[in-house]
Each structure stands twice: as structure tokens, then as C-alpha cells.
Amino acid sequence: MPFGDRVSLCAVELPTDPVRAGDRCVVTTYWRALPGIDVGGPLAFWLEVAGRRFEGAPLHGTLPAGAWPVGVVLPHAFVVDVPAAAEAGAHEVRIGVLAA
């Protein structure tokens with residue numbers, strides 16, 4: 001799924017075990033660099049779940065967007081601390097890209 005002309009979301013890996021209020025879990029997204037990756041400024045990914053938003057740059061800031069080779073898929077892991085007051089049940093997970 002392309003997000004503009006710079007990156008495409010290839011896959012999302014969600015926890016396999018149930019996650020409860022107060023738990024910590026990891027959600028991993030996999031992104032492919034598109035031909036426009038070297039155009040524009042900084043790039044960051046975001047994830048929103050249970051009313052909380054998490055953001056991070058490719059490889060946690062160690063790789064500038066312009067240095068990401070076209071076609072290469074990189075993982076980006078979000079460590080999610082589920083609020084202790086989170087309601088039980090299914091929650092929507094939203095994913096996006098912030099680009100300058």
C-alpha cells in the first residue's frame with residue numbers, strides 16, 4: 001500500500017497472543033522505499049492504538065530517508081504500552097507516514 005511516492009507499507013506484524021490493559025507489546029511494520037524516497041526531507045512513521053500515538057524515523061533515526069535504497073524493505077518496530085485503563089475488546093490500529 002503506497003503512502004505517497006516515497007514509501008509503501010508491505011506488511012504489519014501484530015502480537016499473536018492477547019494483549020491486555022497495562023501490557024507492553026510490539027507492532028512491527030515493514031516498509032519498502034519507492035523511487036521518490038530521495039526527494040524531500042525527513043520521514044517518520046506513526047502508529048495509533050488505544051488512543052495513543054507512537055512515532056519514529058526509519059531504523060529509529062539511524063538512516064536518513066535519502067540513504068534508503070529503492071526497493072529495500074525495512075522493518076520498523078513500535079513498542080506499545082497499552083494504558084492500564086484501556087477497555088477490553090478489539091482496538092483499531094492506524095498507521096501513517098509523516099513527511100516534510
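This section describes the strands, salt bridges and selected residue environments of a predicted protein model.

The predicted model has an average pLDDT of 88, and 97% of the residues score at least 70. Confidence varies among the elements of the protein: strand S2 (residues 7–13) has the highest value, at 94, whereas strand S1 (residues 2–3) has the lowest, at a mean of 81.

Four strands form an open sheet in the order S1-S2-S3-S6, and their pairing is antiparallel. The edges of this sheet are S1 and S6, each of which pairs on one side only. At one edge, S1 and S2 run antiparallel and are joined by 2 bridges. In this pairing, Phe-3 is placed opposite Val-7 of S2. At the other edge, strand S3 (residues 24–33) and S6 run antiparallel, with 9 bridges between them. Here Tyr-30 is positioned opposite Pro-75 in S6.

Strand S6 (residues 73–81) shows an alternation of its side chains. One face receives Leu-74, His-76, Phe-78 and Val-80, which are buried. The other face receives Val-73, Pro-75, Ala-77, Val-79 and Asp-81, which are not buried. This arrangement can be set beside a general pattern: side chains of a regular strand alternate between the two faces of the sheet. Pro-75, the residue opposite Tyr-30, thus belongs to the face of S6 whose side chains are not buried.

The structure contains 3 salt bridges. One of them is formed by Arg-24 and Asp-81, whose closest N and O atoms are 2.6 Å apart. Because Arg-24 lies in strand S3 and Asp-81 in strand S6, this pair ties together parts that are 57 residues apart in sequence. Arg-24 counts as exposed, at 60% relative accessibility, while Asp-81 counts as partly exposed, at 29%. The partly exposed state of Asp-81 accords with its place on the face of S6 where side chains are not buried.

Another salt bridge joins Glu-48 to Arg-94, with the closest N and O atoms 3.2 Å apart. The pair links distant parts of the chain, since Glu-48 belongs to strand S4 (residues 43–49) and Arg-94 to strand S7, 46 residues apart. Both partners count as partly exposed: Glu-48 has a relative accessibility of 23%, and Arg-94 has a relative accessible area of 39%.

Arg-53 and Glu-55 also meet through their side chains in a salt bridge, with an N to O distance of 3.3 Å. Arg-53 is partly exposed, at a relative accessible area of 41%, whereas Glu-55 counts as exposed, at 52% relative accessibility. Glu-55 is located in strand S5 (residues 52–56). Apart from neighbours within four places in sequence, Glu-55 is in contact with Phe-45, Trp-46, Phe-78 and Leu-98. Of these contacts, Phe-78 is one of the buried side chains of S6. The C-alpha atoms of Glu-55 and Ala-44 are 6.7 Å apart in space, and the two residues are 11 residues apart in sequence.

Strand S7 (residues 93–99) includes Val-93 and Ile-95, as well as the salt-bridge residue Arg-94. Val-93 is partly exposed, with a relative accessible area of 33%. Together with Val-12 and Leu-14, Val-93 makes a nonpolar surface patch of about 210 Å².

Ile-95, by contrast, is buried, with a relative accessible area of 18%; this value falls under the 20% cut-off for burial. When neighbours within four places in sequence are set aside, Ile-95 is in contact with Phe-3, Leu-9, Val-12, Thr-29, Trp-31, Trp-46 and Leu-47. Among these contacts, Phe-3 is the residue that stands opposite Val-7 in S2, and Val-12 is one of the residues of the nonpolar surface patch. Trp-46 is likewise in contact with Glu-55. Ile-95 and Thr-29 are 66 residues apart in sequence, and their C-alpha atoms are 8.8 Å apart in space.

Key:
Residues numbered from 1 in each chain as written. Predicted model: local features only at pLDDT ≥ 70, side-chain atom pairs only at ≥ 80, totals over all residues. Heavy atoms only, no water. Patch = residues over 30% accessible without salt bridge, like charges linked within 9 Å, V, L, I, M, F, W, Y side chains within 5 Å. Areas by Shrake-Rupley, 256 points an atom, 1.4 Å probe, with all protein chains shown as cover. Salt bridge = Lys/Arg side-chain N within 4 Å of Asp/Glu carboxyl O. Buried < 20%, exposed > 50% of the residue type's maximum accessible area, 1.4 Å probe, protein only. Pairing = 2+ DSSP bridges. Contact = heavy atoms within 4.5 Å. pLDDT = per-residue confidence, 0-100.
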